[in-house]
Amino acid sequence: MPLLANPHNDPSFPHVFNSLNARDSPPVSYLVFYSDIVNGQMWCPDCRDVESTVKEAFDAPDKPKAIIYWVGSLSEWRTPKNKARVDWNVNSVPTILKIENGKETGRLVEQEILDKKSFEEFLK
């Protein structure tokens, strides 16, 4: 499945997040939390570091379903009321959540995503 992106967490795009709990949803999906793109690249250097690994793991028709959640600009991210912090308890970017049958069953944060063995195990 292609890597899906919710453009700047647009509230008119709710079907993507609703699909995590849909009856026809795959049993396992992933949420990828990234910084926003500023001047053509993500402002978070760790997000840029993992981008190719994430694309390789999720961005193809035969790959698991993954949704990108943009956490906002640096100033938006730093606020305690940031929706990623409040709704998903995400305190670092990049973060990937594993969602099974609508519930979080695992997470990898920052450099853990680049640990090949951990990442492969996470994707099982």
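Reader: Is Cys44 buried or exposed, and what is its relative accessible area?

Author: Keep in mind that this is a predicted model. Buried here means under 20% relative accessible area. Cys44 falls under that cut-off, so it counts as buried, with a relative accessible area of 5%.

Reader: How many disulfides does a search of the whole structure find?

Author: Let's start with the sulfurs. A disulfide needs a pair of cysteine sulfur atoms within 2.5 Å. For Cys44, the nearest cysteine sulfur is that of Cys47, 3.3 Å away, so Cys44 is in no disulfide. Cys47, which is buried with a relative accessible area of 0%, is in no disulfide either, and for the whole structure the search comes to 0.

Reader: Okay, pockets next! Which helix gives the most to the lining of the largest pocket?

Author: The largest pocket has a volume of about 250 Å³, and its lining includes Thr53, Glu56, Lys116, Phe119 and Leu123. The elements that give two or more residues to this lining are helix H2 (45-58) and helix H5 (116-123). With 4 residues, the one that gives the most is H5.

Reader: Phe119 is in that lining, so which aromatic cluster is Phe119 part of?

Author: Rings pair if their centres lie within 6.5 Å, and by this rule there are 6 aromatic pairs. Phe119 belongs to one aromatic cluster, made up of Tyr30, Phe58, Phe119 and Phe122.

Reader: And which ring does the charged end of Arg85 sit over?

Author: For Arg, the cut-off on distance is CZ within 6 Å of the ring centre. The charged end of Arg85 is 3.9 Å from the centre of its ring, which is that of Trp77.

Notes
Residues numbered from 1 in each chain as written. Predicted model: local features only at pLDDT ≥ 70, side-chain atom pairs only at ≥ 80, totals over all residues. Heavy atoms only, no water. Phe/Tyr/Trp six-rings, centres within 6.5 Å; stacked < 30°, edge-to-face > 60°. Lys NZ or Arg CZ within 6 Å of the ring centre and 35° of its normal. Buried < 20%, exposed > 50% of the residue type's maximum accessible area, 1.4 Å probe, protein only. 1 Å grid on protein atoms, 1.4 Å probe; cavity = no way out; pocket = protein on both sides within 12 Å on 5 of 7 lines; lining within 4 Å. Points joined across faces, edges and corners; volume = space filled by probe spheres on them.
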